[in-house]
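Thanks for making time for this. I would like to walk you through one model, beginning with how two of its elements pack, so please have the sequence and the coordinates open.

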Amino acid sequence: MIALISASDESFFAGLSTVSSRADRAVDCMVEFLESLAAHSLAEIDQNTWRHAIAQTMAHEGSEDIGADIRGINKRLKMFIEKEVKNLKKLGKLPPDAKPTPLASMLFDFHRIIFIRLITSDDLPWNSYRAVLRKYVEAALHVKISPCGNE
């Protein structure tokens, strides 16, 4: 399973370019990236396999044989997010006092939590996943959250 996740991530990174210059707002950039990561992950690995993989990695995350591999995969994703947060800050899309390392960690953790909700639920539609993700990213980036339907 770790090999499947790793191969999926390699495939994702192979087709990835910077996201920080794609949209006017930092929130849009990060939501687009995290949505594309989730969509790619589900296209590469089916929901039932993800359920099993998440259960196994959570149960064995501290063990050296699984934990080190998962930490490596997660570290690479966090590093990419951190690089993009730095770019967003440099482009003036985030305030000068934004802290890229903790923001990247928070954004990754939000993605992970919401992705787990998405794969473990049979009745969480993609639009609901996207709405929750956007609210979490907006909160992380200290952006004013608009009322529903007023984006």
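The crossing of H2 and H5 is a right-handed one, where right-handed means that the near helix is turned clockwise from the far one by less than a right angle, and left-handed that it is turned anticlockwise. Helices here are DSSP runs of H or I with at least four residues, strands are runs of E with at least two, and both are numbered from the N terminus. This is a predicted model, so local features need pLDDT of at least 70 and side-chain atom pairs count only at pLDDT 80 or more, while totals for chains, interfaces and linings use all residues. Residues are numbered from 1 along each chain as its sequence is written, and side-chain values use heavy atoms, with hydrogens and water left out.

Staying with this pair, H2 and H5 pack with their axes 11 Å apart and at an angle of about 40°, which makes H2 oblique to H5. The axes are lines fitted to C-alpha atoms, for helices over the stretch in contact, and the angles run from 0 to 180 degrees between N-to-C directions. Under 35 degrees counts as roughly parallel, over 145 as roughly antiparallel, 65 to 115 as roughly perpendicular, and the rest as oblique. In contact terms (heavy atoms within 4.5 Å), Met30, Leu34, Leu37, Ala38, Ser41 and Leu42 of H2 meet Leu107, His111, Phe115, Leu118 and Ile119 of H5.

How, then, do H5 and H6 cross? Their axes come within 10 Å and cross at roughly 160°, and H5 and H6 are therefore roughly antiparallel to each other. H5 passes H6 in a right-handed crossing, and the residues that meet there include Phe110 and Ile114 from H5, with Trp126 and Tyr136 from H6.

His111, in helix H5, is buried at a relative accessible area of 7%, where buried means under 20%, exposed over 50%, and partly exposed in between, with a 1.4 Å probe and protein chains only. Not counting residues up to four places away in sequence, His111 touches Leu34, Leu37, Ala38 and Tyr129. Asn74, in helix H4, also counts as buried, at 14% relative accessibility, and beyond its neighbours within four places in sequence Asn74 is in contact with Phe108 and Arg112. By contrast, Lys99, in the loop between H4 and H5, counts as exposed at 53% relative accessibility. Lys99 lies 9.2 Å from Glu82, C-alpha to C-alpha, with their positions 17 residues apart in sequence numbering.

Stepping back to the interior, the largest nonpolar core has 39 residues, and those with the most contacts inside it are Met30, Ile81, Leu94, Leu107, Val137 and Leu141. Such a core is a set of buried Ala, Val, Leu, Ile, Met, Phe, Trp, Tyr and Cys residues joined through side-chain atoms within 4.5 Å. Helices H1, H2, H3, H4, H5 and H6 each supply at least two residues of this core. Leu141 touches Ala26, Val27, Met30, Leu94, Leu103 and Leu107, again leaving out residues up to four places away in sequence.

For the chain as a whole, the secondary structure comes to six helices and zero strands, and 40% of the 151 residues count as buried. Among contacts between residues at least 6 apart in sequence, 71% join residues at least 24 apart.
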